[in-house]
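Student: I have a model in front of me and would like to learn how to read the places where molecules or empty spaces sit inside it. Could you take me through them slowly?

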Amino acid sequence: MPRILFVASECYPLVKTGGLADVVGALPLALASQGIDVRVLLPAYPQVREALSGAARLPLPAGPVLGEEGALLAATTETGLKILALDLPRLYRRKGNPYTAPDGGDWPDNHRRFGALSRAAADIAEKGVAAWRPQLVHAHDWQAGLVPAYLKADKAGAASLFTIHNIAFQGVFPARELSPLGLPASFFHRERMEFWGQISYLKAGIAMADKVSTVSPTYARELQSAEFGWGLDGLIRHRGADVLGILNGIDRKVWDPAKDPFIAAPFSATSFKGKAANKRALQESFGLQPEPETPLFCVISRLTEQKGMDLLLSNLEHLLWRGGQLAVLGSGEAKLESAFAEAARRHPGRVGVRIGYDEALSHLLQAGADAILIPSRYEPCGLTQLYGLRYGTLPVVARTGGLADTVIDANPAALQAGAATGITFAPVTAEALRHALDRAFALYGDRRAFRAARKAAMGLDFGWAASARLYSQLYRQILTARRRAHKGEKAHGH
Ligand code: ADP
Ligand code: GLC
């Protein structure tokens, strides 16, 4: 039974700001059910310590981490996740968002906070904790990007997989931080972690892990182009066959319209009546007119450039003119937040906006809306379209990344085959989005086609089982390659 250590900066239900948490909270459970022994290492932020109040306190396996005293908190969550929370009080005992200070800017010592996370992961891989030692460390995003670097620097035995969830967030810091991190000067090299005169945690992960994965096959391809690679496309092309895309799944227990405690009435593909009660509840909650026949669009998103929210704002009047309603739940860039708030003020009863982060409300939106809008400029995988499919809320999405891999456009052939599950559009422009909205209205107006698409969407299974099998194959492949290389070295007398 392979032993794998996940390393990440967030994990549902303990701490979440986006899709990374959903993945780190669900994939280990799917792997466990396939016989893989997974533990998750994450920082013991205040909300994590609180949630794990009964945890056992274990000593740090190799003593202080980057000079920081602390401990490992070991516990199993109610959902069954085995957690190791890294409690370094001076680095992590800060309330609120895991990355940003109360003034909204990044914590100035994030390089140390997440450097320490990676250092601790390597210590666990080398020394073990409570008689458990992983054979492979699966590191996620730049916050865990230094794991492969430490393992390489230490010439440690553990293998590594690095997963890119979003290449735009790279963890780039001044080169002078390299030595305090305890990494060799030779790593300040363009084939290691040097990036335009600075050091990049993401690059370290991509360059030094045994294999690299990302969260959809299309994004794996896109990353090799200058348009999507954010300066790392050359390196990714160079890693060639070591880079692959494995589609994210969803936690079908957390996102189950038949048993969801956060929604107004249960429903399913075979018993669809409850959907109407959720639409009513959603309209009421967002101050929208209680019109059962009006197409209701929703957004559940970080309000950022990536998510194409400006394109939606440009189409707002059009959406309303066509007779739709819009409910938005999101937070992010101040400019976008105020533009949406202003739209709600200008169009009472037609546009409802909730600025903030609200897990429960996100379920009601998925349950009550007719369609979910995701006009992302790029989208490594995207999870909200998958939740939408499960809840019969048809995704209207940009044809990019994981959105392109999961939504079947309602073109005439797909409609005839009963396969359509949403609307896709390209290029990602305001004009193409307007056209997509027109097509969504037309589909909504064709009740039979709309019902068929809903049924097809809800019938799909985007649970984790299939992708967990691909990860487990990948782990075994990496471990086998390691064993072979090790034997080869021995045979050559090293
Ligand atoms: P990303 O990770 O790029 O933000 P994903 O679609 O992969 O995009 O995941 C976003 C996750 O965060 C989903 O679980 C979504 O429901 C959730 N989410 C995003 N914004 C909010 C919000 N304002 N309130 C509640 N949940 C949100
Ligand atoms: C990132 C991506 C998103 C993906 C998520 C989980 O936040 O932006 O597309 O679904 O990671 O992998």
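Tutor: We begin with domains, whose bounds come from an automatic or database domain assignment. This is a predicted model, in which local features need pLDDT of at least 70 and side-chain atom pairs count only at pLDDT 80 or more, while totals for chains, interfaces and linings use all residues. Residues are numbered from 1 along each chain as its sequence is written, chains are lettered from A and ligands numbered from 1 in the order in which they are written, and side-chain values use heavy atoms, with hydrogens and water left out.

Student: Why does ligand 2 lie between domain 1 and domain 2?

Tutor: Domain 1 (3–249 + 465–491) and domain 2 (273–459) both give residues to the shell around ligand 2, and therefore ligand 2 lies between them. A residue counts as part of such a shell if one of its heavy atoms lies within 4 Å of the molecule. Here 14 residues surround ligand 2, and His165, Asn248, Glu379, Cys381 and Gly382 are the closest.

Student: Which element gives the most to the shell around ligand 2?

Tutor: Helices (H or I, at least four residues) and strands (E, at least two) are DSSP runs, numbered from the N terminus. For ligand 2 the answer is α1, which gives three residues.

Student: How do I read the contacts of ligand 2?

Tutor: Look for polar contacts, which here are pairs of N or O atoms within 3.5 Å. An oxygen atom of ligand 2 is 2.5 Å from an N or O atom in the side chain of Glu379, and for the side chain of His165 the corresponding distance to an oxygen atom of the ligand is 2.6 Å. At Gly382 the partner is a polar backbone atom, 2.8 Å from an oxygen atom of ligand 2. The protein covers 92% of the 310 Å² of accessible area (Shrake-Rupley method, 1.4 Å probe) that ligand 2 has on its own.

Student: Which residues come nearest to ligand 1?

Tutor: Among the 20 residues around ligand 1, the nearest are Lys16, Gly19, Asp22, Arg302 and Gly356. The side chain of Lys307 has an N or O atom 2.8 Å from an oxygen atom of ligand 1, whereas polar backbone atoms take part at Asp358, 3.0 Å from a nitrogen atom of the ligand, and at Leu383, 2.9 Å from an oxygen atom. Of the 560 Å² of accessible area that ligand 1 has on its own, the protein covers 93%. Strand β13 supplies the largest share of this shell, three residues, and at least three residues of the shell come from each of domain 1 and domain 2.

Student: And how should I read the empty spaces?

Tutor: Rolling a probe the size of a water molecule over the atoms shows where empty space is left. A cavity is a set of points, on a 1 Å grid over the protein atoms alone, where a 1.4 Å probe fits but cannot get out, and its lining residues have an atom within 4 Å of a point. Points are joined across faces, edges and corners, and the volume is the space filled by probe spheres set on them. This structure holds two cavities of 30 Å³ or more, and the largest has about 130 Å³ of space. Its lining has 18 residues, of which Tyr12, Asp22, Ala26, Asp251 and Val254 are the closest to its centre, and helix α1 (residues 19–32) gives the most, with five residues.

Terms used
1 Å grid on protein atoms, 1.4 Å probe; cavity = no way out; pocket = protein on both sides within 12 Å on 5 of 7 lines; lining within 4 Å. Polar contact = N/O pair within 3.5 Å; in protein donor to acceptor, adjacent residues only side chain to side chain.
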